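This report introduces the structure shown below to a new reader. It begins with the ligand and then turns to the cysteines.

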Amino acid sequence: MGVVKLFATEGSLFCARIQWALKLKGVEYEFILEDLANKSPLLLKYNPIYKKVPVLVHGDNVVLESLVILEYIEDTWKEHPLLPRDPYDRATARFWAKFNDEKLVLQVWTACTGEGEAQEKAKESALESLALVEKQIEGKKFFGGEQIGYLDLVLGWMPHWISAIEEAGGNKIPEAEMFPSLHQWGQNIIHTPLIEECIPAKEELVPYLRFMIGYIRSSSANKP
Ligand SMILES: N[C@@H](CCC(=O)N[C@@H](CS)C(=O)NCC(=O)O)C(=O)O
């Protein structure tokens with residue numbers, strides 16, 4: 001049913017999870033690179049509410065918000081199931097995905113790019129959150145068990161993006177590397193060939209993240 005197009009940027013951790021899901025499911029897609037400093041008329045037409053990437057277009061269907069897009073991909077293409085079968089396990093995976101998007105990403109971002117008291121508090125909270133996530137992965141190869149699943153894709157930004165955000169933002173969280181199970185999981189993730197081929201090179205990722213830091217600062221300064 002129709003061609004698949006992904007409107008995305010190379011350095012976005014929200015876009016990477018969609019690329020990984022499409023690759024794992026063996027779905028052919030067209031990658032349409034967006035310039036966030038000069039968004040395309042099509043992006044604004046498809047996502048007039050948030051004006052953000054990723055946007056997935058599948059035939060006539062336009063799907064927005066990366067967690068929703070992941071669920072759409074899971075429901076549409078049956079190869080390589082991403083979510084567990086058991087309803088409680090599915091609910092648990094979704095809970096941690098929400099936790100990642102609503103808390104962990106922002107905590108790490110502020111810890112690496114923020115200043116003063118806000119930065120210190122964010123670092124403390126980021127470490128508390130990482131300790132919680134560490135407990136979830138203890139004794140497992142992937143959050144999805146023996147194979148990469150939905151939560152691995154959602155959290156899969158950590159092994160590559162944290163060090164890049166540190167470099168772009170100027171603050172480090174060295175303690176983030178001291179969670180042994182998360183560290184091992186990170187190695188398992190980034191050395192999975194289908195994932196590895198869609199990880200942006202550090203030399204491109206760091207400038208992109210520097211651009212995003214400035215972009216986010218100026219967007220929040222311009223908010224009424
Ligand atoms: N909740 C969104 C977040 C997506 C997001 O923040 N995308 C950023 C790139 S990493 C973006 O498009 N920013 C453009 C803007 O804020 O104007 C999702 O999960 O899809």
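## Polar contacts of the ligand

A polar contact is a pair of N or O atoms within 3.5 Å; within protein, one must be able to donate a hydrogen and the other to accept it, and residues adjacent in sequence count only if both atoms are side-chain atoms. The model is predicted: local features need pLDDT of at least 70, side-chain atom pairs count only at pLDDT 80 or more, and totals for chains, interfaces and linings use all residues. Residues are numbered from 1 along each chain as its sequence is written, and side-chain values use heavy atoms, with hydrogens and water left out.

In Ser66, a polar side-chain atom is 2.6 Å from an oxygen atom of the ligand. The side chain of Lys39 has an N or O atom 2.5 Å from a ligand oxygen atom, and that of Glu65 has one 2.8 Å from a ligand nitrogen atom. Taken alone, the ligand exposes 520 Å², of which the protein buries 82%.

## Surroundings of the ligand

The residues around the ligand include Phe14, Leu36, Val53, Pro54, Tyr208 and Tyr215. Lys51 and Lys52 also belong to this shell, which divides into six nonpolar, two polar and four charged residues.

## Cysteines

A search of the whole structure finds zero disulfides (pairs of cysteine sulfur atoms within 2.5 Å). Cys15 is in no disulfide, and the nearest cysteine sulfur, that of Cys198, is 12 Å away. Cys15 is buried (under 20% relative accessible area, 1.4 Å probe, protein chains only), with a value of 0%.

For Cys112, the closest cysteine sulfur is that of Cys15, 20 Å away and too far for a bond. Cys112 is also buried, at 0% relative accessibility.

Methods: Buried means under 20% relative accessible area, exposed over 50%, partly exposed in between (1.4 Å probe, protein chains only). A residue is near a molecule or strand if one of its heavy atoms lies within 4 Å of it. Accessible areas come from the Shrake-Rupley method with a 1.4 Å probe; for residues, only the protein chains shown count as cover. Ala, Val, Leu, Ile, Met, Phe, Trp, Tyr, Cys and Pro count as nonpolar, Asp, Glu, Lys and Arg as charged, and the others, Gly among them, as polar.
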